[in-house]
Structure formats: structure tokens, C-alpha cells
Amino acid sequence: MAMANRALRFDEIGDDLVTPTSATVVNFDLFFGGEAPKNSIFSSEDDEMKENNSDNENFTPIMSEKTKTPNNNKMDTSITLNDSTISINRDLTFKCSLEDSSEDDDSDYANNLKRKRNIFRSPLQELDVNSFSSNNNSTNSSTFARSPIKKKLKKVSVINLDNQRKNQKVVHVFASNRGNNVENSFISLEDALNNVNPYDTIILHEGRYFLDKQLVVNVQGILIQGVSKDKVTIQTNINDSLFIITANYVTLSQLTIYHEYGGLGNSVCSPYLKRKEEKKFKTNSALVVVECSKTIDLFQTQIDNCDIGFSFEHGVKIQGHAHPTITNSTIHHCRKLGILFSHNASGLVKENKIYNNGYEGITLRGHAHPVIKRNKIFDGLSGGIYIRDNSHPHLHENEIYGNKLSAICVSDESRVLIKGNSIHHGKQNGIHIKDSSTGVIEENTIFCNELPNIYITDKCVVEVKNNEIYGSENTGIYVKGTADCRPKLLGNNIYNNKRNNILIQGNAKPIIKKNNIYLKNFNTSEQVKGISIKDFSIPHLEENNVYGHTLANIDVSGRAAPIVTNCSFSTSFTNGVLVRDYASPSFDNCKIFENQHPNVLTVDTSDPKFIKCLIYDGKQTGISVKGNSQPCIEKCEIYGNSFTGIKASCNSNPKIINNKIFNGGQSGIWVKDNAKGFISKNRVFGNRKNNIFMEIGCLANLEDNTFE
């Protein structure tokens with residue numbers, strides 16, 4: 001029956017048009033050059049579909065105009081693949097004293113387990129880090145810097161292939177001579193291909209078909225379909241690709257395609273071969289190859305409900321300007337990649353199971369830009385999805401888990417949209433962003449990965465917003481890079497990660513805003529920090545709620561100089577704020593309260609500033625100043641702490657100016673152990689003991705303070 005023209009939609013979980021069927025062809029030349037409008041996916045000539053799409057409020061990929069690759073930028077497919085992660089294997093342990101911090105946290109992340117295969121790097125343009133807009137609703141945002149395409153929604157072309165195939169010939173293929181009495185029957189697929197015309201149908205009947213040479217499918221619009229993928233198996237032993245699809249609108253359906261040497265029927269396929277055996281197989285071959293060597297408006301192959309596995313190279317390879325749809329299939333136990341997109345390829349990969357492959361389940365390179373949606377990608381011997389060479393895919397609602405390397409690795413100036421995915425129980429990172437890549441990581445659930453759930457490094461500018469990030473054996477979000485590493489962490493729930501919920505290192509300058517960062521229902525013997533800021537980093541923190549950690553809610557060390565505004569730090573089992581080494585943070589309009597040990601502890605030669613903060617109801621001291629620390633405490637309200645409001649000891653030299661210090665359980669200000677300081681224009685009242693208690697030998701300068 002002919003199918004009515006419809007625009008393909010993938011924004012709703014319950015969409016009834018999952019992918020094009022064997023009778024439908026859709027143009028999936030997808031790009032995004034900025035944030036997509038919330039109320040549309042595609043522009044279509046069908047008014048009814050326009051109306052339906054306008055009700056959608058989800059963030060969705062944009063259809064855009066195709067990209068042409070200059071001849072001098074073509075990728076070399078013979079280059080071997082790179083790794084998809086940087087591992088981190090050293091312990092990051094830190095034991096914080098309840099009263100001070102004399103131990104140095106010199107542990108660091110180490111990068112190891114990196115496969116040292118070569119990467120082809122195309123001559124890419126420099127990333128414009130200033131183009132990243134924080135306005136989520138702006139259609140002019142340059143979130144994805146320097147996109148090679150126009151910000152234009154491209155129309156979906158829908159072609160009803162049923163009308164083309166309805167009156168065409170149907171050819172039958174039998175694995176034996178059982179079909180001798182059937183009209184248009186053959187005993188080999190090769191013979192059938194040599195006797196079909198455009199838009200004919202080839203039906204493979206039950207049996208195992210052994211192919212000893214490559215098949216080039218160059219007849220437009222044909223359908224090759226098995227009676228059932230459980231009953232039709234195509235098997236080969238050739239050392240090259242099996243199916244090469246060069247004609248447009250070809251459909252493969254209900255087929256099982258295996259390599260003989262892959263161990264047909266085995267549950268486990270080793271990715272390792274002896275070197276002399278490995279040389280038998282052509283580099284970057286695949287069981288199914290879809291290639292389009294020239295730029296055309298639409299080149300779509302459909303692979304639906306197939307079982308592709310046990311290849312000694314890749315399962316499916318898409319290259320050139322092809323736009324295939326791969327749906328409802330299983331791709332597994334390939335020695336290298338499950339699916340490879342390269343050379344500007346795009347398309348749709350939806351509702352497949354991709355697992356137990358030797359390298360990544362899916363790799364994108366050379367400006368590839370597919371949509372990858374609702375797949376399960378798991379138990380790979382490498383990573384889940386590897387995105388490189390300025391590729392820019394949409395990853396939407398996938399479940400990625402149990403892979404030995406990073407679930408998603410983005411490198412080489414690629415630009416991604418990662419939305420609504422479940423990423424968990426990986427052996428390394430959940431998501432790793434590196435090499436000046438950028439994009440949006442939004443509304444994902446990322447949890448229980450053995451290394452940081454999200455690792456952002458180098459000069460990356462990425463927006464991480466509205467995600468649930470928890471349960472890592474290491475760190476929730478780890479940012480380490482140059483001064484051009486400026487990710488935005490916005491509105492996330494980050495909790496119960498075992499070492500740090502957030503770790504910032506290097507010269508990174510992230511923006512961390514409106515996040516909930518906490519520890520709950522956790523073993524108090526575990527040593528977990530809320531936010532750890534190190535080295536020369538200068539993050540901006542605003543309106544975050546950080547609470548309940550077994551170590552400091554925020555720990556600032558090295559020469560870090562974060563700017564912290566309107567944040568809340570509470571109910572830590574140790575300190576609310578810990579400042580050490582040569583750090584010089586600024587805290588403005590923050591609330592620091594109900595921490596088990598000093599609400600604020602400054603040590604070493606640190607030089608923090610606390611302006612207009614509320615520091616109250618601590619179980620010990622409000623602010624404890626030790627070592628050679630020289631904090632500036634100005635216009636704060638410090639009250640209701642169980643011990644002293646401010647305690648200065650050792651050789652510290654605080655500036656305490658224009659504060660209200662009241663209702664403390666002991667003294668308002670206590671100066672001891674040869675400490676110095678400048679104490680001026682403070683109101684000190686209602687404290688249980690002395691408003692100011694200065695021990696003999698201390699040289700603090702008191703001016704214009706009032707006592708009630």
C-alpha cells in the first residue's frame with residue numbers, strides 16, 4: 001500500500017514513523033550551526049506536519065544545507081583509528097584536618113592506557129571561544145563555533161517507493177533447488193542482482209547463502225529482503241568488503257550477515273589476530289559499505305531489521321555524501337568498529353543494538369554529521385561513540401554502558417549535541433571532550449562510571465546543562481585545560497561522586513552556575529569534596545548550592561583565584577570553605593552555615609576575600625585563620641557559631657573591617673599565637689565571652705570598633 005507523504009520526526013519517544021520503511025526515502029543531510037528553534041525540527045511542504053511539529057518544545061537537530069568537502073581535504077581511510085579516552089588511574093586521596101589543613105594534596109590525574117595509533121587531522125579552522133552564548137533561547141547563538149554550513153532548516157524529501165516498486169518484478173532466491181518451479185527464481189544472490197532492473201525486489205528464502213566474492217549493488221531502488229533475519233543468513237570468507245552499495249534508494253531488510261572467520265554462532269569474538277592473519281584483510285573494509293562519491297541532494301540506503309556481526313574489520317561503513325538510515329538492527333562482535341561514518345556522511349542510526357565490538361561501537365570522522373538516537377551501545381572492548389575530525393552529530397536518547405573506554409569521546413574540533421542519553425557503568429569516562437571541541441551536553445543521566453563522569457580538557461568550550469551526574473568512582477565533572485578551556489556548567493544535579501563532585505585544574509576558566517552539588521545517604525568514612533579548585537584556574541561560580549560533603553564543600557588550593565558569588569555552602573562534615581596554599585579566591589554575598597567544623601578555614605599563605613557574606617550557625621568557629629594567611633573579611637555578618645566568631649592564630653594577618661559579629665558561643669574575635677591583623681569598624685556584640693579577646697604578644701591593630 002502506498003504511504004502518504006510525511007516528514008520524518010524523531011523528537012517524540014512515541015513517534016509512529018520510526019524510520020523510513022522500505023517504501024520511504026528521507027533526506028538526512030543534518031547539521032546545526034547554532035541552537036535549534038525549540039518549536040520546529042524541519043521545514044516541510046506538508047502543512048499538517050508543520051502544525052504538528054510546531055507543538056514540539058524539545059531541543060532538536062536542524063536540517064541544513066549540505067556541505068561540500070574540497071578535494072584537498074579528503075580523509076585517508078587507510079589511517080588507523082585512535083583511542084576514545086584518556087584514562088586516569090592514580091588515586092586522588094586527601095585527608096583534611098578538622099581544624100587546619102597542613103597536608104598537601106599533591107595527587108593528580110595521570111593520563112595512561114592511551115592507544116597510540118595515529119590520527120589524521122584535517123586543516124581545521126581555529127575555534128572562536130568567545131562565540132559561546134549563555135542565552136539558551138537566542139536563535140542567533142553561536143554555541144557551535146564556526147559551523148561550515150548556513151543556519152537554515154532544510155526540507156525533508158519524502159519519496160514513496162511503493163509506487164515505484166508496485167508494478168516491478170519480484171525475484172526469488174533459494175538456497176537450494178527448491179524454487180525451480182517458481183517464476184523468476186535463482187539459487188544465488190549474484191545471479192539475481194544481474195537480472196533485476198531499478199526498483200525490483202529480491203526475496204531471499206530460508207537458508208544460508210555463502211558468498212565468495214564481493215557484491216556491488218549498483219541498481220537503483222532495489223529491495224533485498226529476507227523472509228526473516230532468523231532464517232536467512234548471508235555468510236562470507238572474503239578479505240574485503242562484502243556489500244558495496246553505490247546505487248541510490250537501495251534497501252536491505254531482514255538479513256543476517258556474518259563473516260565466516262568471525263565465529264558464526266559464537267557468543268564471544270576476540271578482536272585479536274596473529275599478525276600474518278591480520279594482513280589478509282583489507283584495511284577499513286566492512287560487511288556493508290554505503291558510498292556516494294559525489295554531492296547530490298539525496299543518497300539514501302536503508303538497512304532495517306538486520307543482524308550484522310563477526311566482521312574482522314567493521315560492520316557498516318558509510319562514506320561520502322550518503323544519508324543512510326540504519327534501524328532496528330543488531331551490529332556486534334566486529335573486530336574493529338560497529339559503524340563508521342566518514343567523508344561528510346550523515347544519516348540516521350536509530351533503535352539498534354550495537355555491542356561487543358573490538359573498537360568503538362560508532363566512530364565519526366571527516367565532518368560526519370548523523371543523528372544517533374535511541375540505540376543501545378554496550379560492552380564494547382573500546383569506547384561507545386568516538387567523534388573526531390570536525391564531525392558534528394546529534395546524539396539523542398541513547399543508552400551507552402559497560403564499554404571499556406569512554407562512552408562518548410569528542411575530539412579534533414568536533415561539535416556535538418548530546419541530549420537525553422543514559423550513560424553509565426563505563427570502565428573510564430562517561431563523556432570526554434578534548435582538542436578544542438565544543439557543543440551542548442543537556443538533560444542526560446550520567447552515572448557510575450569508573451573515571452570522571454564528564455572530563456573536559458584542552459581548549460574546549462562546551463555547555464553542560466540540566467544533567468543528572470552521580471555515582472562516579474572518581475569525579476563528577478573534571479575540567480583541566482588552558483585559559484581557553486571555558487565550559488559552562490549550568491543547572492546540573494551533581495552528587496555522590498566518590499572523590500570530588502567537581503574538580504577544576506590547570507588554567508581553566510569554567511562558569512559554574514545554578515548547580516546543586518551535594519552528598520546524600522553516603523558512608524561518612526568516604527572522603528568526598530564538593531568543589532575542588534587547583535593550580536592557576538579561575539572559575540566563576542554563581543548561585544550554586546553545595547552541601548553535605550564529608551570533606552570541604554569547596555576547597556581552593558594552589559594559586560587558584562575563583563570568583564564565587566551568591567553561593568551556599570552548608571552542612572559539611574568538615575569545613576564549608578577551605579582555602580590553602582597561595583590561593584586568592586573572592587567570595588561575595590555567599591551563605592556559609594551549619595558546617596561541623598569551622599565554617600571557613602584559611603591556612604598557609606592564602607589571600608582570600610569574603611565580602612558581604614553570611615557566616616552562621618557553625619558547629620565550631622565561624623572563620624578560622626591560620627598559618628601566614630591574610631584574608632580580607634569585610635561587610636560580613638558572622639553569628640550564631642558555637643565557638644568563636646573569628647579566630648586568628650599562628651602568624652596570620654587578617655583584615656577584619658566593617659563586619660557584624662554577634663551571638664557567638666565564645667568570643668566574638670579571638671587573636672592568639674603572635675597573630676597580627678587590622679580590625680576596624682566592626683560591631684561586635686552579644687557573644688557569650690569577650691567581644692574581642694587578644695592574647696599577650698599579638699600585634700593586631702584595633703580601630704573604631706563598637707561593642708554592645
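Let's start with a cation over a ring: the charged end of Lys 520 sits over the ring of Tyr 495, 5.4 Å from its centre. Tyr 495 also belongs to an aromatic cluster, together with Phe 447, Tyr 470, Tyr 518 and Tyr 547. Keep in mind that this is a predicted model, with a mean pLDDT of 79 for the protein chain. On the secondary-structure side, the chain has 4 helices and 68 strands.

**How far to trust it**

- In the protein chain, 74% of the residues reach a pLDDT of 70 or more.
- Residues 1-158 are a different matter, with pLDDT below 50. Even there, the model shows 451 contacts beyond near neighbours in sequence.
- Another stretch to treat with care is residues 263-276, where pLDDT stays under 50. For this stretch the model has 22 contacts beyond four places in sequence.

**The chain as a whole**

- There are 708 residues in the protein chain, and 59% of them count as buried.
- The accessible surface comes to about 26800 Å², and carbon and sulfur atoms account for 43% of that.
- If you look at contacts with a separation of 6 or more, 57% of them are between residues 24 or more positions apart.

**Strand β42 and its partners**

- Strand β42 covers residues 500-506, and 7 of its 7 residues are buried.
- One partner is strand β39 (residues 475-481), which runs parallel to β42 and is joined to it by 6 bridges.
- Another partner is strand β45 (residues 529-533), which pairs with β42 in the parallel sense over 4 bridges.
- Ile 502 is a handy residue to click on here: in β42 it stands opposite Ile 477, and its bridge partner in β45 is Ile 531.
- Ser 532 sits in strand β45 and is buried, because its relative accessibility is 1%, where the cut-off is under 20%.
- Leaving out residues up to four places away in sequence, Ser 532 touches Asn 500, Ile 502, Leu 503, Ile 504 and Asp 555.

**Just ahead of β45**

- Asn 523 is found in the loop between β44 (516-518) and β45.
- With a relative accessible area of 47%, Asn 523 is partly exposed.
- The C-alpha atoms of Asn 523 and Thr 550 are separated by 8.8 Å, with the two residues 27 apart along the chain.

**Stacked aromatic rings**

- A search of the whole structure finds 15 aromatic pairs.
- One of them is Phe 587 with Phe 610, a stacked pair at 5.0 Å centre to centre and 10° between the planes.
- That pair links distant parts of the chain: Phe 587 is in strand β52 (residues 586-588), Phe 610 is in strand β55 (residues 609-611), and they are 23 residues apart.
- Phe 587 counts as buried at 0% relative accessibility, and Phe 610 is likewise buried at 0%.
- Tyr 616 and Tyr 639 form a stacked pair too, at 5.1 Å centre to centre with 5° between the planes.
- This pair also links distant parts of the chain, with Tyr 616 in strand β56 (residues 614-616) and Tyr 639 in strand β59 (residues 637-639), 23 residues apart.
- The burial labels differ for these two tyrosines, because the cut-off for buried is under 20%: Tyr 616 is buried with a relative accessible area of 14%, while Tyr 639 counts as partly exposed at 22%.

**A second charge over a ring**

- Arg 559 lies over the face of Tyr 582, at 4.3 Å from the ring centre.

**Backbone spots to check**

- Most residues other than glycine have a negative phi.
- His 367 has a positive phi, near 65°, and is not a glycine.
- You'll find His 367 in the loop between β24 (362-364) and β25 (371-373), and it is buried with a relative accessible area of 16%.
- Asp 581 is not a glycine either, yet its phi is positive at about 55°.
- Asp 581 is placed in the loop between β51 (577-579) and β52.

How values were computed:
Residues are numbered from 1 along each chain as its sequence is written. This is a predicted model: local features need pLDDT of at least 70, side-chain atom pairs count only at pLDDT 80 or more; totals for chains, interfaces and linings use all residues. Side-chain values use heavy atoms; hydrogens and water are left out. Buried means under 20% relative accessible area, exposed over 50%, partly exposed in between (1.4 Å probe, protein chains only). Helices (H or I, at least four residues) and strands (E, at least two) are DSSP runs, numbered from the N terminus. Two strands pair if DSSP finds at least two bridges between them. pLDDT is the predictor's confidence in each residue, from 0 to 100. Contact means heavy atoms within 4.5 Å. Accessible areas come from the Shrake-Rupley method with a 1.4 Å probe; for residues, only the protein chains shown count as cover. Rings of Phe, Tyr and Trp (its six-membered ring) pair if their centres lie within 6.5 Å; planes under 30 degrees apart count as stacked, over 60 as edge-to-face and the rest as tilted. A charge sits over a ring if NZ of Lys or CZ of Arg is within 6 Å of the ring centre and within 35 degrees of the ring normal.
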